[in-house]
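Below are some comments on the model you passed on, arranged as numbered points. Please read them with the structure open beside the text.

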Amino acid sequence: MPEGDTIFRAARALDQALAGRTLTRFEAPRLPHRPFPEGTVVLGSEARGKHCLVHFDDGRSLHTHMRMTGSWHLYRPSERWRKKASAARVWLEVAADGERAGWVAVCFAAPVVDLVDRIDAGRPGADPTAHLGPNLCEAGADLDEAVARLGRLSPPEREIGDALLDQRIANGVGNVYKCEVCFVCELDPFTPLHEVDEPLRRRLIETSSRLLQANLHHSVRITVEGGVAVYGRRDEPCRRCGTPIAWRPQGPQARGTYWCPTCQRRPTSAGPAPEGPG
Ligand SMILES: [Zn+2]
């Protein structure tokens, strides 16, 4: 699943290729839409969490969400696509401009492709990203709000590794960062939220934000010296204590969770026990 940093880089590449250029073609085979007027200009592209937006000067924005399968590619007009055309959900072309060549931007296999009225601040009605928590990929994201949402939007028995994936709480964290953040904070990802006190909640959110922002500008993800700490390292030795890294599915979507069963603990100063079984 693309994490927030991946979408951020994709949106930035789209922005660099498309912003200020005249749209010459827009195809979205499965999306009923009004054609773009001749001379429509692409204003730019941005990521909001895992949502990618491309804004046009006719007042509309293209909204895509990659979920597990989608990806954006950029090609020169004569270049061969690296995936089958039948998998393209939307593609757009911009004209060459002076010394700058044209581009074809293709979105493959994204489950969410919409054209929406342009999303501006103060016009929340049509905003498909309005439910999202603070974007942890952004410097200056409201971390207090994310910490508050963690308590407000998650039941106390929900496991912290599952809660960190909830984009309404804070957006940008995916399955890789969920595992890495719990490792850095030395916390068992299966700890129920009610055992995670306020300072530790804050540390989890701050660590998520720091790791995401540290990885915005390169494609090899680095969360600890040498790469990732636990993600994808089942049975390999923990970088901290040498214990083999464990793995098991977690949460309603059975997302594979990697952790060190020795040095990632449930907090010793647990909060009040949950009432009743379960
Ligand atoms: Zn360990």
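1. A word on pairing before the strands are discussed: two strands are taken to pair if DSSP finds at least two bridges between them. By that criterion strand S2 (residues 42-48) and strand S3 (residues 51-56) are joined by 6 bridges and run antiparallel. Please keep in mind throughout that this is a predicted model.

2. The S2-S3 unit can be described further. The two strands form a hairpin with 2 residues between them, and in the turn Gly 49 has a positive phi of about 60°. Across the pair, Glu 46 stands opposite Leu 53 in S3.

3. S3 also pairs with strand S4 (residues 60-65), again in the antiparallel sense, here over 5 bridges. His 51 has His 65 in S4 as its bridge partner. This second hairpin has 3 residues between the strands, and Gly 59 takes a positive phi near 100° there.

4. How many residues of S3 are buried? The count is 6 of its 6 residues, and the strand is accordingly described as mostly covered. His 51, Leu 53 and His 55 point one way from S3, while Cys 52, Val 54 and Phe 56 point the other way, and all of them are buried. His 51 therefore belongs in two descriptions, one as a buried residue of S3 with a buried cut-off of 20 or more other C-beta atoms within 10 Å, the other as the bridge partner of His 65 in S4.

5. An open sheet of 4 strands has the order S1-S6-S7-S5, with antiparallel pairing. Strand S1 (23-27) and strand S5 (71-75) stand at its edges, and because each has a single partner strand, one side of each is left without a neighbour in the sheet. From one strand to the next the twist averages 15°.

6. At the S5 edge, the partner is strand S7 (residues 103-108), and the two strands pair in the antiparallel sense over 5 bridges. Within this pairing, Ser 71 has Phe 108 in S7 as its bridge partner. Helix H1 (residues 4-18) lies across S5, strand S6 (88-94) and S7, and runs at about 150° to S7.

7. Which residues of helix H4 (residues 175-184) are buried? They are Asn 175, Val 176, Tyr 177, Lys 178, Cys 179, Glu 180, Val 181, Cys 182, Phe 183 and Val 184. Since 10 of the 10 residues are buried, the helix is largely enclosed by the rest of the structure. The elements that cover these buried residues include helix H3 (160-163), helix H5 (198-214) and strand S10 (255-259).

8. Two residues other than glycine deserve a look for their backbone angles. Glu 186, which follows H4, has a positive phi near 55°, and its place is in the loop between H4 and H5. Glu 186 has 14 C-beta neighbours inside 10 Å and so counts as partly exposed. Ala 254 has a positive phi near 50° and lies in the loop between strand S9 (246-250) and S10. With 9 C-beta neighbours inside 10 Å, Ala 254 counts as exposed.

9. The chain is divided into domain 1 (4-126) and domain 2 (143-259), and the C-alpha centres of the two domains lie 30 Å apart. Contact between them involves 6 residues of domain 1 and 9 residues of domain 2. On the side of domain 1 that touches domain 2, the residues divide into 1 nonpolar, 2 polar and 3 charged.

10. Finally, some values for the chain as a whole, which contains 5 helices and 10 strands. The C-alpha trace spans about 65 × 40 × 30 Å along its principal axes. The radius of gyration is 21 Å, which agrees with the value near 19 Å that a compact globule of 278 residues would have. Buried residues make up 37% of the 278 residues. Among contacts between residues at least 6 apart in sequence, 64% join residues at least 24 apart.

Technical notes: Residues are numbered from 1 along each chain as its sequence is written. This is a predicted model: local features need pLDDT of at least 70, side-chain atom pairs count only at pLDDT 80 or more; totals for chains, interfaces and linings use all residues. Domain bounds come from an automatic or database domain assignment. Two residues are in contact if their C-beta atoms, placed from the backbone, lie within 7 Å. Ala, Val, Leu, Ile, Met, Phe, Trp, Tyr, Cys and Pro count as nonpolar, Asp, Glu, Lys and Arg as charged, and the others, Gly among them, as polar. Axes are lines fitted to C-alpha atoms, for helices over the stretch in contact, and angles run from 0 to 180 degrees between N-to-C directions. The radius of gyration is taken over C-alpha atoms; the globule rule is 2.2 Å times the number of residues to the power 0.38. A residue is buried if 20 or more other C-beta atoms lie within 10 Å of its own, exposed if 12 or fewer, and partly exposed in between; C-beta atoms are placed from the backbone.
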